[in-house]
Amino acid sequence: METAPKPGGDAPPKKNKLRAKRKKPRRYWEEEETAPTAAGASLGPPRSKKRKQEFRPQRPKNTYIQNKSRVSKKPQIPKKPRERRNPEPQRTLSGAQDPFPGPAPAPVEAARKFRRIDKSKKLLHSKSKARSRLEAAEAEEEEASLRAARSELLLAEEPGFLEGEDGEDTAKIRQTDIVEAVDIASAAKHFDLNLRQFGPYRLNYSRTGRHLALGGRRGHVAALDWVTKKLMCEINVMEAVRDIRFLHSEALLAVAQNRWLHIYDNQGIELHCIRRCDRITQLEFLPFHFLLATASETGFLTYLDVSVGKIVTALNARAGRLDVMTQNPYNAIIHLGHSNGTVSLWSPAMKEPLAKILCHRGGVRAMAVDSTGTYMATSGLDHQLKIFDLRGTFQPLSSRTLPQGAGHLAFSQRGLLAAGMGDVVNIWSGQGKGSPPSLEKPYLTHRLSGHVHGLQFCPFEDVLGVGHNGGITSMLVPGAAEPNFDGLENNPYRSRKQRQEWEVKALLEKVPAELICLDPRALAEVDVITLEQEKKERIERLGYDPEAKAPFHPKPKQKGRSSTASLVKRKRKVMDEEHRDKVRQSLKQKQQQKEDGKKPKPTGTRSSALDRFMH
């Protein structure tokens, strides 16, 4: 059966038909096709599409057409993503819905007490760069205060306090009654060490509140973990011990012996003997500066840097024997009490005292400064106990006459004040931390078996350590200590490895001794007076104000004439021309002043060679 021929089947192929181009292999750097393939389409490479030929007129050779800038003049504002009308609630990996989305709300009052930046003070004439940095610092501080306020909910411990029933006087409550009322763990913190053979004793607690160091006048030195009653070391130096202090950790111990200053480790091995510090009466350690301050009989206040083992400075107080000394924990200022009734404030950066306060009519016997650095308690030979305000006024807030002058004073972390008068210890309380104690009525009273020789509250424990002629007594004082501690700073339960890491971190963050001043916040402020004085001196030196006129900004040019080097040259050229003009004007003004100041010579006088010295 014959089939009909297809139309055009026998026609010859066209001569001008374009040959099919050969398919180029796709390279891995070529852009991939983003268009989705149709259903049932082949997965091979896409077919090449023929472009339509467009007629483009040729431009003449001598004409120049400026290329348009590809960058649009209008700024492109990024489009905001469309918000969904009904957003889906955020879910966790398990699929459960968060019932409290977003950050936890923080009360304003709780966040306010954690703020450290005073936003009321604004920097005058601040530049945009400095202003942006200040705004970023304020934002970070605001976020930190909110986080601290949120984390305050996790501090479950609250400070306890002793309250009497039906108007009962708490000063009449004895230590035996308190021990019977508290739990077994707290009752074990009250104990007496009978050490009459080597007394009287001075004592010192470590910053973590876990270890206790005690030194007897007859040479007995010991260190122990007083919570577990585990003895670390015990030696007899065969010399009078006047004071004892822990250094930055419980592994090092400074002992002021009769002649020189000695450093021991926690095993009782002598590490150093510093003979330049002799005849020491009092010791104080500044933990953030790694400085050991010593007061001597010769009237010298010496600062020893224990990190490098060098003496930073030795200051002569010119007030005779120094046997009353304490430190301000807020700004690391050393307070010295003198026999003429004054208290002087010292810093290692100054050769003279920063301030002098007349406190008593007689000599000063004891001093103490609270943990906030706001109040100072002093007692003198006039049997007066006074509390002073250290916030710039240095005025007495309250005073009380005692039957016996207080020989030793100590503040607790919550603002309680303990005073040792003979063989009696009185404790006064206030409204809380940061408030002065009320001297009207004592909070607790305790009688010892000997005269008080040393007082110190234990950090993070409601315990008062008392050193006396008969040994050591540990008293229970409810509400004396801060119940919550910072585990990254002072952790009573840290291990040996944690202590080593903390020591390295503390050495890296060591504060230089030159930064010790009365107001630590002044270090972060700008000295506007000094800046204005420097500006005046610069104007007098140059002869003109360089900031009076806006700086010159050259206009950009084409064909590579706006390179960095050319811009700098043009700026320098304009600055030199302005400088020359201003110098010429200043010279003309001086010349004009000289001509105006010349006195006209009387007619008929002869010129002399000495006329050159007249002006």
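This tour visits three places in a predicted model.

**Stop one: Ser379**

Select strand β19, residues 375-380, and pick out Ser379 within that strand. Ser379 has a relative accessible area of 1%, so it counts as buried, the cut-off being under 20%. Show the side chain of Ser379 together with the backbone of Ala406: the side chain reaches the backbone oxygen of Ala406 at 2.6 Å. Next, display what surrounds Ser379. Setting aside neighbours within four places in sequence, Ser379 is in contact with His360, Val364, Arg365, Ala366, Gln384, Leu385, Ala406 and Leu409. Ala406 thus appears in that contact list and also supplies the backbone oxygen just shown.

**Stop two: Asp169**

Move to the loop between α2 (128-151) and α3 (175-181), where Asp169 is placed. Show the side chain of Asp169 and the backbone of Ala171: a polar atom of that side chain lies 3.2 Å from the backbone nitrogen of Ala171. Now add Lys441 and Pro442, which are in contact with Asp169 when neighbours within four places in sequence are left aside. Then select Tyr443 and draw a C-alpha to C-alpha distance to Asp169, which comes to 8.2 Å. In sequence, Asp169 and Tyr443 are 274 residues apart.

**Stop three: Leu531**

Select helix α6, residues 528-542, and find Leu531 there. Is Leu531 buried, exposed or partly exposed? Leu531 counts as partly exposed because its relative accessibility is 47%. Add Val526 and Val528, then turn on the surface: with Leu531 they make a nonpolar surface patch of about 230 Å².

Notes
Residues are numbered from 1 along each chain as its sequence is written. This is a predicted model: local features need pLDDT of at least 70, side-chain atom pairs count only at pLDDT 80 or more; totals for chains, interfaces and linings use all residues. Side-chain values use heavy atoms; hydrogens and water are left out. Patches are made of residues with over 30% relative accessible area and no salt bridge: like charges are joined within 9 Å, nonpolar side chains (Val, Leu, Ile, Met, Phe, Trp, Tyr) within 5 Å. Accessible areas come from the Shrake-Rupley method with a 1.4 Å probe; for residues, only the protein chains shown count as cover. A salt bridge is a side-chain nitrogen of Lys or Arg within 4 Å of a carboxyl oxygen of Asp or Glu. Helices (H or I, at least four residues) and strands (E, at least two) are DSSP runs, numbered from the N terminus. Buried means under 20% relative accessible area, exposed over 50%, partly exposed in between (1.4 Å probe, protein chains only). A polar contact is a pair of N or O atoms within 3.5 Å; within protein, one must be able to donate a hydrogen and the other to accept it, and residues adjacent in sequence count only if both atoms are side-chain atoms. Contact means heavy atoms within 4.5 Å.
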